Amino acid sequence: MHQIYGELGVPRKNRETSLGHPVEYKCWFNMIDRCHNPNHADYANYGGRGIEVCERWRTSFRTFLNDMGARPSSAHSIDRRDNAGNYTPIIVIIYKIMKRR
């Protein structure tokens, strides 16, 4: 399981488990990682453009899960209404169907 450390803005004492939602946890972790970890492969497209995860979500998977709920199906993915906007409860589209490539 992934670990979130202080350099991503999450205090060590607040590390959480997946709470029985491993897919949503991975989504949460990756969202934070690509926005706040300069070593992430996609950082240039997210954090490098100034996109951040709000503190409410960055510091608590439980809060993210309570706000977002479970992913409806494997065809759904988290998305933002504004491609230049931050990940916040107001900007994020709950889940949308992923486009097949």
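Here is a quick tour of helix H3, the serine just before it, and the cysteines.

Keep in mind that this is a predicted model. The main stop is H3, which covers residues 61-68. Ser60 caps its N-terminal end, and Gly69 comes just after it. The cysteines get a short look at the end.

**Ser60, at the start of H3**
- Ser60 sits in the loop that links helix H2 (55-58) to helix H3 (61-68).
- With a relative accessible area of 14%, Ser60 falls under the 20% cut-off, so it counts as buried.
- What does Ser60 do at the N-terminal end of H3? Ser60 caps that end, with a side-chain oxygen 3.4 Å from the backbone nitrogen of Arg62.

**The buried side of H3**
- Which residues of H3 are buried? They are Phe61, Phe64, Leu65 and Met68.
- These four lie on the same side of H3, because they cover an arc of only 95° around the axis.

**Just past H3**
- Gly69 follows right after H3 and takes a positive phi of about 80°.

**The cysteines**
- Cys35 has a relative accessibility of 4%, so it counts as buried.
- Cys54 is buried too, at 17% relative accessibility.
- How many disulfides turn up in the whole structure? A search finds zero.

Terms used: Residues numbered from 1 in each chain as written. Predicted model: local features only at pLDDT ≥ 70, side-chain atom pairs only at ≥ 80, totals over all residues. Heavy atoms only, no water. Helix = DSSP H or I, 4+ residues; strand = E, 2+ residues; numbered from the N terminus. Buried < 20%, exposed > 50% of the residue type's maximum accessible area, 1.4 Å probe, protein only. Disulfide = S-S within 2.5 Å. Arc of directions from axis to C-beta. Polar contact = N/O pair within 3.5 Å; in protein donor to acceptor, adjacent residues only side chain to side chain.
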